[in-house]
Amino acid sequence: MPSEPTRLAGVRPITAGLVEKCLARPGGQSWGAPLVVALGARGTGKTALLRELAGRCADLPHAQVDFEKEDWAHIEPRELLGHLAFDLSRQWRQFGRIAFPRLWLCMLVVGSPVEIGDRRLALRKLREVLAQNQPLEQNRDAVVDVVRLAGGIAGQSTPGWPEATDLLLRGLSWYDRRRLLGKIKSLPASSGSREDFLIEIARWAQGDEDDRASADATFCDAFLADLRRAYSGVNRARRTLNATVLLDNAHTPGGQAFLRVLAEARRRAGPDADPLAVFATSRGWNPDWNTSWHPPTASGADEPERRRPSAERTGGLSWPRPRRPSEVDDDWAEPVTQQHGRWWPWYLIELGTLSADDTVDLAVAYDIHPTSRLPGFVHRLTDGHPGATTDVLHTIGTTYDRSNPTALRSVLRTELPRLREYLLQDFPASSREDLITASAAQDVEILFHREILSLHLPAGEGVLFKTLSDTLWLCAEPGDLPRYALHPLLRRVLLGELAARGDDHELNWDRVHTLCRDFYDRGGRAVSARYHDLALGNVAEAVAHLRKPFDGELDLRQAQAWLAELDQITAAPNRLDKTAEPYDQVQEHAGQWADELDSTLAWLLVSLWIAGDPLGDPGGTLDSTIESSFHHLAQGRGRGSMLLHERAERYR
């Protein structure tokens, strides 16, 4: 099964420059680094990125969590804070041990199992729990068990905290009280009935959702206050870099809840920045980002009119989409000179697409020559998907017979079953059949036309569209009008499933493409209709359409429009025999024509169609045929012929 790439390419701006900025403490002060989140679909290198960051932070106070392991997908923020604090409070060679006295006491205050109906019994049990769990910062299991027993608490953030803490301290022995007070900044004067406030906390432990949210806020306030305290005073000189938290798969409910609580706690703190660098990954979009960031799967055509909250900063950009790794260096070129920097509270990065140069860099690690055709073939086959690129390069590096160029065409047949299971696990079985059918069209418009797609989902196309968007498998293509398409690699896998449907299937390859062709013909969209004609092998229909402008001379605008139509039509998928020689395929499907122009168009059309499939002609044997066909078409065609000659040069 494909996995996260073991070797990263194209992310050095993140693993070097950005990390250095977020860990730095200019002038020994906290400046408020944003919550950095790397987004991407499955296999785009998110876990590998965190793995590399963990290596960078190995000697710093750091904690790492994977929300898809250890049943943490729905973990409560207050319980997670306890786990993070335990890891951060280990002994670090240069940085010493970070203490979290406020957080530990908070866990005991709100997590103690008490009988709230009996006031005196409640006080006695709270004191017993506190006494049994010393030293607090070294007794992980006992404290976490107490929190699990709580089930939820409430409170108004920090108000009342000093009273509860003071009361509990009075229940300690003289030695324990002195030890803890040495770690806690002097408590402010309290007022009111401390005992009643403490019992009220126990009552809130059985509160509703709003009460539990208030409890999470209280825990996070204590956690950040402890961190700020740990990096102040005499400790400032030796704690030269921020503590770090690494959160993998933060798209889960537990991950989103924790990021929300942390961001809100930082807002409440105002100018009091904390010494914490947070790097998270997400396989989905978090609604909390909508007010200031543009989802990567959205077209941007419906940009909200409301102004972005002034407290949030996006580098001076208005509602940007997540930044690409290549943009990180420019985004962080300026030194941090203002509170919270230019990006706050979020900095989003979109992973998922390797450039052709990145693929070459990875290929070299598999002993593949950088100037050979192999890196280009792999990049076209995987569309730059990092996980698939790594797996295909591994397959080529270990099993490919380089003396036999046609062996490349077996690579996808080897990888397809594994790719299918890996890429489709985000989609329930009930929606996979609809997804396979929808892959026939160039974009996901087909989802919204019931005369084409027989949806198996009870809630209709909206569910499937939302799933594609939420899991970042949807691509918003640029243009005047919104146009959404499946991720190219996902679509290639789905098309393989569509081609494998038997003749008895109600929506097999021929049936689906015929429905699409007829639909576009009725709507007067001839180019889209010819796209599906070519997918069906109807070369004559496509040739007849493309011949029309050649009845006379072409001007530049006509030639440009014709080339755009040619590109769209020849992008049609195929289910041709991948073991046959490419030139033999052209001869078979282009056929014989009495008219020379029709013959040239047919050979050009079929050659481009086959060459457009990465497995159709991986050796580039059809390039000379395509080049000569363009040159032949351009002869005597007026000014527009210049564009045809230019296109021919691409295949020299």
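Here are some questions and answers about this predicted model.

User: Let's start with the helices. How are α26 and α27 oriented to each other, roughly parallel or roughly antiparallel?
Analyst: Helix α26 covers residues 623–634 and helix α27 covers residues 641–649. Their axes lie 8 Å apart and pack at an angle of about 170 degrees. Angles over 145 degrees count as roughly antiparallel, so the orientation of α26 to α27 is roughly antiparallel.

User: Which residues of α26 take part in that contact with α27?
Analyst: On the α27 side, the residues met are Ser641, Leu644, His645, Arg647, Ala648 and Glu649. By class, the contact of α26 with α27 has 5 nonpolar, 3 polar and 3 charged residues. The residues that α26 brings are Glu627, Phe630, His631, Leu633 and Ala634.

User: And how does α3 sit against α11, roughly parallel or roughly perpendicular?
Analyst: Helix α3 spans residues 77–88, while helix α11 spans residues 253–269. Their axes come within 9 Å and cross at roughly 80 degrees. Because angles from 65 to 115 degrees count as roughly perpendicular, α3 is to α11 roughly perpendicular.

User: How many nonpolar residues are in the contact of α3 with α11?
Analyst: From α3 come Pro77, Leu80, Leu81 and Leu84, which meet Ala257, Phe258 and Val261 in α11. The contact has no polar and no charged residues. The number of nonpolar residues is 7.

User: Staying with α11, is Arg268 buried or partly exposed?
Analyst: Arg268 is in helix α11, and its C-alpha is 9.8 Å from that of Ala217, although their positions lie 51 residues apart in sequence. Its relative accessible area is 41%. Buried would need a value under 20% and exposed one over 50%, so Arg268 is partly exposed.

User: What about Thr15: buried or exposed?
Analyst: Thr15 belongs to helix α1, residues 12–23. Leaving aside residues up to four places away in sequence, Thr15 touches Leu49, Glu52 and Leu53. Its relative accessible area is 14%, and the cut-off for buried is under 20%, so Thr15 is buried.

User: Which residues does Ala41 touch, not counting those up to four places away in sequence?
Analyst: Ala41 lies in the loop between β1 (35–39) and α2 (46–56), and with a relative accessible area of 5% Ala41 is buried. Its C-alpha is 9.3 Å from that of His385, which is 344 residues away along the chain. The residues that Ala41 touches are Lys46, Arg283, Thr471, Leu472 and Trp473.

User: Now the pockets. Which element gives the most to the lining of the largest pocket?
Analyst: This pocket has a volume of about 1,600 Å³ and is lined by 50 residues, with Arg380, Arg492, Gly612, Asp613 and Pro614 nearest its centre. Several elements each supply at least two residues of the lining, including α14, β10, α23 and α26. By class, the lining has 24 nonpolar, 8 polar and 18 charged residues. The element that gives the most, with 6 residues, is α19.

User: What is the volume of the second largest cavity?
Analyst: The structure holds 6 cavities of 30 Å³ or more. Among the residues lining the second largest cavity are Gly32, Arg266, Asp272, His340 and Trp344, and by class the lining has 4 nonpolar, 3 polar and 3 charged residues. The volume of the second largest cavity is about 50 Å³.

Methods
Residues are numbered from 1 along each chain as its sequence is written. This is a predicted model: local features need pLDDT of at least 70, side-chain atom pairs count only at pLDDT 80 or more; totals for chains, interfaces and linings use all residues. Side-chain values use heavy atoms; hydrogens and water are left out. Helices (H or I, at least four residues) and strands (E, at least two) are DSSP runs, numbered from the N terminus. Buried means under 20% relative accessible area, exposed over 50%, partly exposed in between (1.4 Å probe, protein chains only). Contact means heavy atoms within 4.5 Å. Axes are lines fitted to C-alpha atoms, for helices over the stretch in contact, and angles run from 0 to 180 degrees between N-to-C directions. Angles under 35 degrees count as roughly parallel, over 145 as roughly antiparallel, 65 to 115 as roughly perpendicular and the rest as oblique. Ala, Val, Leu, Ile, Met, Phe, Trp, Tyr, Cys and Pro count as nonpolar, Asp, Glu, Lys and Arg as charged, and the others, Gly among them, as polar. On a 1 Å grid over the protein atoms alone, a cavity is a set of points where a 1.4 Å probe fits but cannot get out, and a pocket is an open set with protein on both sides within 12 Å along at least five of seven lines; lining residues have an atom within 4 Å of a point. Grid points are joined across faces, edges and corners, and a volume is the space filled by probe spheres set on the points.
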